[in-house]
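Let's take a walk through this one together, starting with how far to trust it and ending with a pocket. Have the viewer ready.

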Amino acid sequence: MKMLKLFALMLTLGIAMFGMNGASAQNKLPVITSGIAAISIRDGNALSKNTWHLNPKAKPDIYFTQVPRGNRKVTFITDQDSISFVTTYGKTYDFIVLLNGKDSCLTRISANYEGTIEQEYPVHKIAGMADTIPFFMKKSRIYFKGKLNGNKDFNVMFDLGAGMTCINSKSVSRSGIRFDGQINVQNTNGTNSEPTGSSNTLELGSIKWRKVPIVQVRNMEEDEDMIVGNSLFRDKIVEIDYDRKIVIISDSLSKDISDYSTHDVNYYQQRPRFEMDVKVGNKYYPFHFLFDTGRDGTMLIGEDFTARYNLWDQYKSIMTLGNKKIVVIPEVKIGKRIFRDIVTNANDPRHPNGKQSLLGNEVLNQFNLILDNHNGIIYLKPNSMQNENYATYKEFKTQATLLISAIVVVIALLVFGIRKWIKFRRTR
């Protein structure tokens with residue numbers, strides 16, 4: 001009995017010492033203070049203001065760096081303090097944010113990929129060899145032919161502006177998906193709770209992915225079955241060649257890029273945003289726009305760009321519709337290419353709706369591109385589609401004139417018909 005009591009005492013002391021050592025280790029972590037719950041992060045050159053919400057319950061709360069393979073300086077910025085780390089691929093960096101002097105928020109910066117899905121290759125494939133996926137186009141968009149859970153002939157849109165892999169609600173019945181969760185989805189169909197399936201097999205070209213999470217959406221067109229984005233290729237080099245209608249997926253950048261323009265990239269939910277120059281009035285404004293190959297249009301001006309430079313009253317406005325304006329952008333400069341008099345929507349920053357500024361595929365598909373996810377760079381080169389039409393002010397005026405003319409004709413016919421009817425009634 002004495003031996004048992006002695007053993008219990010030693011065990012208790014051991015647990016206590018372990019707890020003290022753990023507490024001591026945590027106390028040795030760097031500590032910064034904050035009087036606000038939403039703080040800012042600078043990752044490389046990308047500054048995200050008041051987007052990181054401190055959570056004392058998370059142990060730890062993990063921030064994944066935008067370009068894990070790059071040696072990046074990452075800084076957390078509060079209203080009172082800041083802390084910086086130069087990250088190295090594969091490593092993590094822990095610190096504590098003391099919120100309002102009482103809540104300790106254990107925070108981790110991780111220079112790793114979040115939720116990367118490993119690709120599975122044929123047995124005969126040589127390691128390091130690039131994969132080529134042919135595509136076809138509808139309007140300005142890119143589509144693959146794919147296989148989902150063994151089911152063939154799925155039309156898969158390649159949308160670098162998509163944050164997750166999606167399936168059309170009308171295609172679920174032939175997909176073999178087993179839904180096992182729910183998620184809130186915000187898109188053009190509003191905000192809805194949609195079912196998700198966590199373990200699906202997807203095949204594009206010679207590449208196969210297993211355990212692919214997929215969410216159902218209801219805002220896709222009839223002939224679209226799926227949407228895939230950069231989340232499947234986050235640790236790859238992605239080349240889109242519109243001239244040859246192929247996408248090349250590789251592990252290294254081996255192509256001669258001397259005649260490509262170079263653009264810095266940052267990421268939002270794994271979606272690339274690249275820097276370009278937008279002219280408003282007589283001045284160019286640099287900004288990172290979402291690289292949205294899934295948008296069948298020219299661009300969209302979100303409140304982020306407008307608020308950054310206080311441009312709401314400086315746009316050349318055609319008309320105002322609620323909290324939006326239809327505006328004319330005199331010039332958009334991408335590398336050496338200039339797109340003139342683009343007509344698009346601008347959102348009022350005084351009524352934020354969360355929509356980001358983006359460039360659509362009516363403009364983007366005029367470039368062959370290489371997205372270097374390893375280093376956070378996009379390379380662009382004008383291709384054979386560079387003379388394709390896009391929505392300009394001249395086209396807008398032409399369409400408006402035709403619409404007004406059509407309305408005038410309809411009104412004239414109605415007036416003529418009414419007069420004939422009145423004359424007929426009088427003669428009876």
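What follows covers confidence, cores, cysteines and a pocket.

Keep in mind that this is a predicted model. Across the protein the pLDDT averages 86, and 85% of the residues score at least 70. The stretch to set aside is residues 1–25, where the pLDDT is below 50 and where the model shows 0 contacts beyond near neighbours in sequence. Where pLDDT is low, the predicted coordinates should not be read in detail.

Now for the inside. In soluble globular proteins, nonpolar side chains tend to be buried together. Here the largest nonpolar core has 62 residues, and the members that touch the most others are Phe144, Phe158, Ile240, Phe274, Phe305, Tyr315 and Ile334. There's also a second, separate core of 16 residues, with Ile32, Tyr63, Val74 and Ile83 among them.

Phe274 is worth clicking on. Leaving out residues up to four places away in sequence, Phe274 touches a list of residues that includes Phe287, Phe289, Phe291, Ile334, Leu359, Leu364, Ile378 and Leu380. Its contacts also include His263, Asp264 and His288.

What about the cysteines? Cys105 has a relative accessible area of 1%, so it counts as buried, the cut-off being under 20%. Cys166 comes in at 9% relative accessibility, so it is buried too. As for disulfides, a search of the whole structure turns up 0.

Finally, have a look at the second largest pocket, which holds about 240 Å³ of space. It is lined by 14 residues, and those closest to its centre are Gly163, Met164, Thr165, Pro213 and Ile214. Which classes make up the lining of this pocket? There are 8 nonpolar and 6 polar residues, and no charged ones.

Technical notes. Residues numbered from 1 in each chain as written. Predicted model: local features only at pLDDT ≥ 70, side-chain atom pairs only at ≥ 80, totals over all residues. Heavy atoms only, no water. 1 Å grid on protein atoms, 1.4 Å probe; cavity = no way out; pocket = protein on both sides within 12 Å on 5 of 7 lines; lining within 4 Å. Points joined across faces, edges and corners; volume = space filled by probe spheres on them. Nonpolar A, V, L, I, M, F, W, Y, C, P; charged D, E, K, R; others polar. Disulfide = S-S within 2.5 Å. Buried < 20%, exposed > 50% of the residue type's maximum accessible area, 1.4 Å probe, protein only. Core = buried A, V, L, I, M, F, W, Y, C linked by side-chain atoms within 4.5 Å. Contact = heavy atoms within 4.5 Å. pLDDT = per-residue confidence, 0-100.
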